[in-house]
Amino acid sequence: MHRAAPPDAGPDGPRRARPLAALAALPWPSTAAVALVQLVGSGFAAHGQPDRADLGTVGQLLLLAGPLLLLTRRALPRFAAFGCVTVTVAYLALDHPYGPVFLSPAVAAFHAVTAGHRRAAAVAMALLWAGVLVTAGRPLDWGQAVAAAAWMVAVLAISETARIRRAQRAAERAERAAAERRRADEERLRIARELHDVLAHSISVINVQAGMGLALLDSDPEQTRAALTTIKSASREALGEVRQVLDTLRAPGAAPRAPAPGLDRLPDLAEQAAHAGLRVETSTEGTPAPLPPGADLAAFRIVQEALTNIVRHSGSRAARVRLRYAPGLLDIRIDDDGPATGSGAGTGNGLIGMRERAAALGGTVTAGPRPDGGFRVDASLPRAAPDRATPPENRETT
């Protein structure tokens, strides 16, 4: 059975719905309240002003015209302000009684100021004051004129205060939103660095071992077996670290299930590099001291990434890692004898990630070729936790 389409279905439905939605969005309740106050209040005020003309139909229509113009105060604030002033001056020119007729122009001026049209609101209030003076009759009551001017200035002052507070609240909301976006960006960058460091190192080891295994598959089965064992170990470790990073995404705010890697795992890095054909010599100067967790992780990742780059981009089969504990600082130096191989030596996300890790802790990383043809990475990290993380500057992407 064919079901009839609803009234708004079809090409003309949205066109009919839009005007209805626009009408429903107008400030009807507050406008009705202003109209009620003006009608009822002016009716009561008329009893105490026998020298003024009766309200009558024209006066009541003018009392309603101001609130009706207020319906446009959001979309057309200047039009509403000048329109309400015009209606109010016309009401006074017909000698109708004073009362809450000034409520409409006050509300319109308030919305014009808070919408940023301060000059238009001031001009509208000045025109209203001039209208009060012109329609007041003679002799002019200057006390009444001064009181009217003071009331209008107070309306503008209150409106300006509200505008400033609204702007401050908007700025605070924008600042909070920007801070949330910065935190989200920094968290995404942190996770990206972790995944890059874990996967780049492990996959480089796996790639070298897979190539070695394929080359020796027929001639040296035992060496092939050792290569496959290394691949299994490296892949298992990589999966464990990736799972740990992803767990932080699944349970935000929860403590990690396993401790983050640190310099205590430097022997493991040297062993993995040895499986990939890179001999790593480590040395320590000064008195070793515990590092804050962030600095310990950054130090580990910097050494890990430097060794990965040697495996991938250097023809050297030996690397030297030196840790120097100075007062308040940990200096790390990783050297290889080169030569560089491939087009990506010394560039890419790895070096960028090292610099960003150090900068986030208030440290530095420099990297570049040595005069003798090798490559050197120097990192300096503070041994005390910083008061606040310094966001890395000049972030690069490749």
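**Figure 1. Asparagine 309 counts as buried, at 17% relative accessibility.** The cut-off explains the call: buried means under 20% relative accessible area. The model shown here and in the other views is predicted. Asparagine 309 belongs to helix α10, which spans residues 293-313. Its contacts, leaving aside neighbours within four places in sequence, are Ser314, Leu351 and Met354.

**Figure 2. The whole chain, for orientation, has 11 helices and five strands.** It holds 398 residues, and 37% of them count as buried. Among contacts with a separation of 6 or more, 73% join residues 24 or more positions apart. The accessible surface of the chain is about 22,500 Å². Carbon and sulfur atoms contribute 61% of that surface.

**Figure 3. Five strands form an open sheet in the order β1-β2-β3-β5-β4.** Pairing within the sheet is mixed. Strands β1 (279-285) and β4 (364-369) stand at the edges. Each has a single partner strand, so one side of each is left without a neighbour in the sheet. Direction ignored, neighbouring strands are turned by 10° against each other on average. Helix α10 lies across β1, β2 (318-326), β3 (329-336), β4 and β5. Relative to β3, helix α10 runs at about 10°.

**Figure 4. Strands β4 and β5 pair in the antiparallel sense over six bridges.** Strand β5 covers residues 375-382. Which residue of β5 is the bridge partner of alanine 367? The partner is valine 377. Proline 369 stands opposite phenylalanine 375, also in β5. The two strands make a hairpin with five residues between them. In this hairpin, glycine 373 takes a positive phi near 105°.

**Figure 5. Isoleucine 334 of strand β3 is in contact with residues that include several from helix α10 and strand β5.** Isoleucine 334 is buried, with a relative accessible area of 2%. Leaving aside neighbours within four places in sequence, isoleucine 334 touches Ile302, Val303, Ala306, Leu307 and Ile310, among others. These five numbers fall within the span of α10, residues 293-313. The contact list of isoleucine 334 also includes Arg320 and Val321. Phe375, Arg376 and Val377 are on that list too. The C-alpha atoms of isoleucine 334 and alanine 379 are separated by 8.8 Å. Along the chain, isoleucine 334 and alanine 379 are 45 residues apart.

**Figure 6. Helix α9 (residues 266-275) carries its buried residues on the same side.** Which residues of α9 are buried? They are Leu266, Leu269, Ala270, Gln272 and Ala273. These residues cover an arc of only 165° around the axis, which puts them on the same side of α9. Glycine 277 follows the helix. The phi of glycine 277 is positive, near 90°.

**Figure 7. Phenylalanine 102 and tryptophan 151 form an edge-to-face aromatic pair.** A search of the whole structure finds one aromatic pair. The rings of phenylalanine 102 and tryptophan 151 lie 5.8 Å apart, centre to centre. Their planes make an angle of 65°. Why does the pair tie together parts that are 49 residues apart in sequence? Phenylalanine 102 lies in the loop between α4 (77-93) and α5 (103-114), while tryptophan 151 lies in helix α7 (residues 142-215), so the pair joins these parts. Phenylalanine 102 is buried, with a relative accessible area of 16%. Tryptophan 151 is partly exposed, with a relative accessible area of 34%.

**Figure 8. Aspartate 95 has a positive phi although it is not a glycine.** The value is about 65°. Aspartate 95 sits in the loop between α4 and α5. At 31% relative accessibility, aspartate 95 counts as partly exposed.

**Figure 9. Leucine 103, in helix α5, is in contact with Val34, Val37 and Gln38.** That list leaves aside neighbours within four places in sequence. Is leucine 103 buried or partly exposed? At 29% relative accessibility, leucine 103 counts as partly exposed. Leucine 103 and glutamine 38 are 65 residues apart along the chain. Their C-alpha atoms are separated by 7.3 Å.

Terms used:
Residues are numbered from 1 along each chain as its sequence is written. This is a predicted model: local features need pLDDT of at least 70, side-chain atom pairs count only at pLDDT 80 or more; totals for chains, interfaces and linings use all residues. Side-chain values use heavy atoms; hydrogens and water are left out. Two strands pair if DSSP finds at least two bridges between them. Helices (H or I, at least four residues) and strands (E, at least two) are DSSP runs, numbered from the N terminus. Axes are lines fitted to C-alpha atoms, for helices over the stretch in contact, and angles run from 0 to 180 degrees between N-to-C directions. Contact means heavy atoms within 4.5 Å. Buried means under 20% relative accessible area, exposed over 50%, partly exposed in between (1.4 Å probe, protein chains only). The arc is that of the directions from the helix axis to the C-beta atoms. Accessible areas come from the Shrake-Rupley method with a 1.4 Å probe; for residues, only the protein chains shown count as cover. Rings of Phe, Tyr and Trp (its six-membered ring) pair if their centres lie within 6.5 Å; planes under 30 degrees apart count as stacked, over 60 as edge-to-face and the rest as tilted.
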